[in-house]
Amino acid sequence: MSTNEEHFHWPPSDPKVVKEELISSTKRGGGFIKKSIWVLSLLSILGIVGLLGKLFLESNDQTQWGYIAAILAFILSTASGAPMVAVAPLIAKANWARPISRIAHIIGVVGIVNIIIMIPLLWVLPPLVVEGARRRSIWFEAPNYSPHFWDTLSLIMLAIVGVALLYSSALPDFATIRDNSSGTKKRIAGFLARGFVGSTVQWSTLRMRIGMMSTFYFFTLIFVHTLISIDLSLSMVPGWRDAIYPMAHAMGGIQGGIASVIIVAWIVRKYFGYENYITINQFWALGRLMFAASLMWIYFFYSAFIVFWYGRSMSDTAWLDLLIRGPMMYVFILGMLFSFIFPWWWLIWNKVRNSVNGPFYGAILAILGVFFERVRLYVPAWSVDPSLIHDKWLKVIPKTLFPDIWDILVLVGAVSSVFLIVMIVSRIVPFIGVWEIQQFNLLAKPVKYIKAHGVRVAKPD
Amino acid sequence: MQQRDNENRLSQEYTNSVLLNGTLQTPKWWPYLVSILGFFVVIGFVLFGIQIKYGLGVTGLNRPIYWGLYITTFVFWVGISHAGIMISAILRLTQAEWRRPVTRAAEILTIFSLATALVFPLIHAGRTWRIVYWLIPYDASRGIWPNIRSPLFMDPIAISTYLTGSTLFLFVALLPDLAVLRDRTTGFRKGFYTILALGWRGNPRQWKMQVVGGILLSALMLPIFVSVHSIVSWDFAVTTAVEGWHSTIFAPYFVIGAVHSGVSAVVTMMALMRWGWGWNEFIRPEHFDALARLLTVVATAWLGFTFLELLFALYGLDAPEIALREMQIFQYPWNMLFLTFLLTGYILPVPMWIFKRIRTNIALMFWSSILVNIGMWLERFLIIVPGLARRTPFVFTWEAYSPSWFEWYILFWSFCWVTLLMLIFSRVFPLVPLFEQKESEVFSDDIKIGRATVPTIFREEEE
Amino acid sequence: MVAEKNRSWGMVIDTDKCNGCSGCVTACQVENNIPLNDQNKFERGRVMSWIRIERYWEGEFPNVKARFIPIMCQHCENAPCEPVCPVYATYHNNEGLNVQVYNRCVGTRYCANGCPYIVRMFNYWEPTWPEEIRNHLNPDVTIRSRGIMEKCSMCMQRIKRGERNAGDQLQDGEIKTACQEACTTGAITFGDLNDPESEVSILAKSDRKYSLMPQLNTNPNVVYLATVDPYKDKNLGEKAKTNEH
């Protein structure tokens with residue numbers, strides 16, 4: 001199907017060439033990049049305008065804020081999920097992910113966007129004690145400020161860990177840039193590299209630090225997903241008791257993370273001409289992960305669905321009425337199509353997965369699916385009349401809420417600020433880790449064994 | 001005999017002779033162990049007969065605790081059966097090299113534990129002799145099919161599909177080894193292996209078909225692997241009346257718990273295989289190391305699910321549910337069981353596995369994996385029985401449950417039965433796949449990178 | 001013919017009239033050939049009685065009141081026991097009854113776990129009676145063997161006999177269940193809930209009506225009428241309150 005030539009797109013074996021080619025991504029500051037940074041900043045400011053407009057005009061009506069919460073969850077589920085693509089292969093000692101792990105780390109630094117969207121939500125999120133009685137939440141006896149304070153804190157923590165993860169993985173590359181450039185860039189990189197010269201001790205500390213940060217990022221991400229999903233949607237609905245929900249939410253986050261890495265990797269490969277670095281192998285492996293993620297989506301969804309559908313108690317029926325056949329029925333169908341059916345049926349074919357464009361289109365489908373899912377889960381939950389919050393089950397199903405102009409502005413602003421941050425960070429951090437590729441070249445070699453083509457991969461402890 | 005060839009690999013003749021030492025010869029302890037186990041197994045069958053004759057009154061069950069030790073053990077064995085596909089299919093698809101020596105053991109553990117699990121609903125049912133209505137729907141005189149809505153009907157379907165698939169999977173993986181046995185036996189056994197080996201000669205086409213078959217079966221078995229325990233969990237989760245059961249997390253929670261207990265059972269088996277047959281060069285500490293790493297991840301995920309399950313039990317702030325959890329966690333004797341469950345399921349073994357020294361220590365790994373399975377059995381018990389013994393608003397139905405010796409013996413019987421089947425299997429077929437072992441010798445190698453010596457693996461590029 | 005009638009048999013139990021005499025329990029035991037409950041059965045928690053009287057204490061000393069509530073199969077329209085049976089041994093018939101088909105039952109006891117009211121009984125042993133009682137067993141009712149579930153059938157045998165005898169002219173109140181006949185205070189009323197004229201459907205529209213565990217959405221065909229509390233509703237109640245302070 002594919003020729004050997006195509007299969008063995010391999011990074012250049014000469015370390016010098018690798019270095020030159022990879023650092024060049026930070027140097028290419030053509031007019032296009034400058035222009036797009038301007039446009040993106042403008043759009044991001046529009047997003048902030050949207051948030052402010054919403055805050056000043058609708059801050060006393062909680063039911064209007066569903067879309068803002070959904071956008072927060074969407075950014076959390078896509079961009080913040082991206083580092084998982086680097087974390088999981090690191091733990092499994094998989095070599096294939098090295099060329100794209102830096103991209104995953106870079107996308108992970110957008111945690112600040114989540115924090116900004118969270119700020120106005122703090123005003124509208126109902127307090128723990130409503131009308132003298134404590135509402136149902138995971139903060140059983142905790143002080144009144146609990147969900148607001150801890151949710152914000154967890155988002156800040158995720159943002160910091162994201163930056164720290166990128167920083168520790170980019171440290172050797174800063175040193176490389178320091179040694180291979182001049183002027184301001186040399187000074188910035190020199191400052192950031194903090195005297196990294198590549199001694200044995202420095203490398204072993206670095207490896208340990210990356211490992212720890214990755215594990216830490218993983219746990220923080222799951223934790224944040226748990227908090228945000230419960231506090232910002234589940235506990236707004238009386239009688240919605242769904243133990244799998246945080247995990248399903250995190251799973252959607254990982255699906256979105258893989259999708260965003262595929263999309264950015266595809267763009268980077270195309271724009272910077274890194275065909276030899278980000279090869280079909282990476283897309284193939286990511287395509288498989290996407291396929292698995294879409295299956296996991298349906299599994300988690302069905303695990304919850306069958307229990308509610310079969311249970312038929314009052315609260316079970318209310319769940320179906322609110323989230324499946326209720327105000328967001330069409331969004332649910334779209335979410336099902338784009339999160340599961342389309343990516344699954346697209347990526348099930350090895351021919352599609354084993355290509356560059358196939359997983360890219362799959363990723364676009366899945367990222368839309370994640371968006372629809374978040375809208376389905378958050379908007380109806382926020383539309384529930386706050387006076388019902390103490391009921392045992394939801395007795396009045398809210399009407400469909402359509403987005404207003406502010407919501408659309410915030411969505412545009414949030415998405416473009418993610419791209420903006422990625423572009424700004426890429427001015428100093430190479431899109432593909434130089435040291436990752438050098439190690440990749442050291443540890444894996446294309447070999448021929450009798451008649452079969454293959455790779456010999458080393459697995460150091 | 002030459003142990004190593006000139007590339008310092010274990011030679012193929014040596015591999016054959018050592019790994020077939022349980023099949024072509026009889027280990028000294030084998031006849032004794034088999035006859036003791038056989039004795040216990042026969043007693044179990046007799047007791048089962050007695051139960052059929054006189055009714056389920058011989059158990060400690062009552063109203064409302066209708067399900068007890070039998071169902072717990074059923075869930076436990078279904079859980080153990082997740083070892084096989086986890087080890088051989090998932091690790092095969094993810095190309096984990098260290099799976100190779102344990103695939104066969106994991107698969108037969110799957111098959112025998114599933115077969116045992118399938119027996120438990122029969123033992124548990126009130127009228128076993130009418131089970132044909134339930135499991136085999138061909139009974140034209142009734143004019144009704146079984147109720148497809150019932151998870152108890154989906155169970156036998158899922159389990160028997162899984163059993164069929166696993167058996168095929170095992171058979172495909174056995175083919176090359178059967179041919180080896182055919183060439184090394186005489187008389188009746190030769191005939192037996194000749195028929196089973198299906199004319200395997202090891203030509204490239206046969207190998208290719210075998211690999212394709214294995215990969216296809218791995219991929220096809222995955223959904224079944226997940227669905228089996230999910231359906232078992234829905235036996236409980238769809239029940240609105242029992243507060244502790246009606247939880248959406250049950251399906252993935254049960255599956256991950258099953259992987260936890262199944263992989264631990266494989267660790268136990270690996271240690272026993274080392275001790276029983278002396279396959280120290282094939283089942284090496286690094287295999288224990290890799291499995292323990294996998295187990296650490298799985299166990300931590302499982303703990304997360306346990307935590308979420310408990311969190312959402314309290315989240316609703318419903319009095320009956322909180323009362324149930326209070327009983328399950330704080331009241332004697334449940335509190336002792338709960339403590340043991342937490343200790344053995346996670347707190348004792350998993351921190352142990354952080355240290356590489358313990359991960360590569362066979363005896364410690366053996367005991368810690370046993371601990372895990374004690375914990376996992378208790379987990380199922382603590383879900384099923386306190387859920388039923390809950391304090392409903394109807395105070396006149398409150399009951400306690402103490403299993404009768406009869407039920408305990410059937411539990412013990414199931415362990416004897418699975419072990420017996422495996423021992424008999426080991427006398428007929430090799431427990432460690434010979435061809436996988438040889439392939440891994442060829443595929444893995446040590447190379448020098450700078451000053452370090454690093455193990456490497458050859459990965460074939462798929463066309 | 002029966003299907004055309006579109007009946008929905010139901011029951012109204014006035015807990016205000018119930019004095020906890022257990023007459024219904026005994027009547028049911030005799031009518032439906034339920035084995036006798038000896039000490040061993042009580043000790044092992046395997047009591048068989050299709051109807052049971054639950055007793056509650058309400059209030060603080062000295063104003064303690066004993067409350068009784070007879071509980072039997074609620075014949076839910078949305079029964080949790082029905083979808084879980086693998087062999088259709090329990091299903092909903094077209095007369096609003098949740099019926100148990102003994103011949104199909106294999107004894108998985110799943111339905112019993114699904115039942116929130118815990119009114120399903122399992123035959124742990126083969127049922128036995130003393131010789132003298134064996135001759136008094138009701139010939140209309142099957143004797144259940146070991147290993148199967150059983151529960152209140154709303155005296156199915158009486159319904160069938162009543163329908164057969166009356167033909168098309170079945171009057172309300174013509175069919176009486178055993179517990180209803182035995183109830184000295186007339187707390188139990190049985191009849192067709194689909195017939196708006198019937199006594200049972202008139203009672204079921206009472207302000208005092210409630211059903212057990214409404215949050216489970218089981219929609220039972222057995223309706224309870226709440227106790228009228230003289231302490232709460234009348235001056236007597238005010239007096240009791242002032243005594244407390």
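Begin at the boundary between chains C and A of this predicted model: select the residues where the two chains meet, and four residues of chain C will be found in contact with five residues of chain A. On the chain C side of this boundary, one residue is nonpolar, three are polar and none is charged.

Next, select the whole of chain C and display it as a cartoon. Its secondary structure consists of 11 helices and 10 strands. The radius of gyration of chain C is 19 Å, close to the 18 Å given by the globule rule for 245 residues, so the chain is as compact as a globular protein of that length. Turn the C-alpha trace of chain C along its principal axes, where it spans about 60 × 45 × 35 Å. Colouring by burial marks 40% of the 245 residues in chain C as buried. A contact map of chain C may be opened beside the view: among contacts with a separation of 6 or more, 61% are between residues 24 or more positions apart.

Now move to chain A and select helix α12, residues 280–311, in which Ala304(A) lies. Is Ala304(A) buried or exposed? Ala304(A) has 22 other C-beta atoms within 10 Å; the cut-off for a buried residue is 20 or more, so Ala304(A) is buried.

Show the residues that Ala304(A) touches, leaving aside those up to four places away in sequence: they are Asp242(A), Ile244(A), Tyr245(A) and Ala248(A), together with Thr248(B) from chain B. As a last stop, draw a distance from the C-alpha atom of Ala304(A) to that of Ile324(A), 20 residues apart along the chain; the separation is 12 Å.

Note on methods:
Residues numbered from 1 in each chain as written. Chains lettered and ligands numbered in written order. Predicted model: local features only at pLDDT ≥ 70, side-chain atom pairs only at ≥ 80, totals over all residues. Contact = placed C-beta atoms within 7 Å. Nonpolar A, V, L, I, M, F, W, Y, C, P; charged D, E, K, R; others polar. Helix = DSSP H or I, 4+ residues; strand = E, 2+ residues; numbered from the N terminus. Rg over C-alpha atoms; globule rule 2.2 N^0.38 Å. Buried ≥ 20, exposed ≤ 12 C-beta atoms within 10 Å, placed from the backbone.
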